Amino acid sequence: QGFRALPTRPVVYVMAPPPLFADGVMGMSAKVISSELPQTLWEVATGHGQGVQYIDAVFKVFGGAGRTCTGCMYDEGLLWNSGDGCHPVDYGYAQMAAALCIRLGEACSCPFVEVSTR
């Protein structure tokens with residue numbers, strides 16, 4: 001409520017996180033993070049009316065509850081693998097930035113970036 005009361009009348013964005021690719025990592029539930037939390041955040045955002053917007057662009061770019069963008073969470077090489085299924089790898093962070101820039105459009109002063117595939 002505090003931000004919404006500012007004289008500049010900012011828009012408050014409530015963003016769904018990327019889905020959790022590895023159930024149980026750091027004690028977290030993939031079902032809660034990837035299915036229940038986005039729904040709860042949507043309900044919170046829509047329950048506050050005008051001036052609060054729900055954004056699921058990052059969630060979607062990672063494949064949503066289906067978690068299809070494995071390249072966003074894991075890097076695999078010939079002799080190495082990295083990624084914990086919770087924190088994105090560099091490619092995933094780039095996808096997050098591109099998705100948010102495209103979604104926020106007019107509010108973002110980034111140059112146009114096409115979402116790449118991997």
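Which residue follows helix 1, and what is the sign of its phi? Here are some friendly notes, beginning with that one.

1. Gly49 follows helix 1, and the phi of Gly49 is positive, near 70 degrees. Helices (H or I, at least four residues) and strands (E, at least two) are DSSP runs numbered from the N terminus.

2. Please keep in mind that this is a predicted model, where local features need pLDDT of at least 70, side-chain atom pairs count only at pLDDT 80 or more, and totals for chains, interfaces and linings use all residues. Residues are numbered from 1 along each chain as its sequence is written, and side-chain values use heavy atoms, with hydrogens and water left out.

3. The protein has four helices and four strands, arranged along the sequence as β-α-β-α-α-β-β-α. Of its 118 residues, 32% count as buried (under 20% relative accessible area, 1.4 Å probe, protein chains only).

4. Helix 1 covers residues 30-47, and its end C-alpha atoms are 25 Å apart, which agrees with the 26 Å that its 18 residues should span at 1.5 Å a residue (the expected span is 1.5 Å times one less than the number of residues).

5. At the N-terminal end of helix 1, Ser29 acts as a cap, with a side-chain oxygen 3.3 Å from the backbone nitrogen of Lys31.

6. Have a look at the buried face too: Ala30, Ile33, Ser34, Pro38, Leu41 and Ala45 are the buried residues of helix 1. Their cover includes strand 1 (12-15), strand 2 (52-55) and helix 2 (57-61).

Terms used:
Buried means under 20% relative accessible area, exposed over 50%, partly exposed in between (1.4 Å probe, protein chains only). Contact means heavy atoms within 4.5 Å. A polar contact is a pair of N or O atoms within 3.5 Å; within protein, one must be able to donate a hydrogen and the other to accept it, and residues adjacent in sequence count only if both atoms are side-chain atoms.
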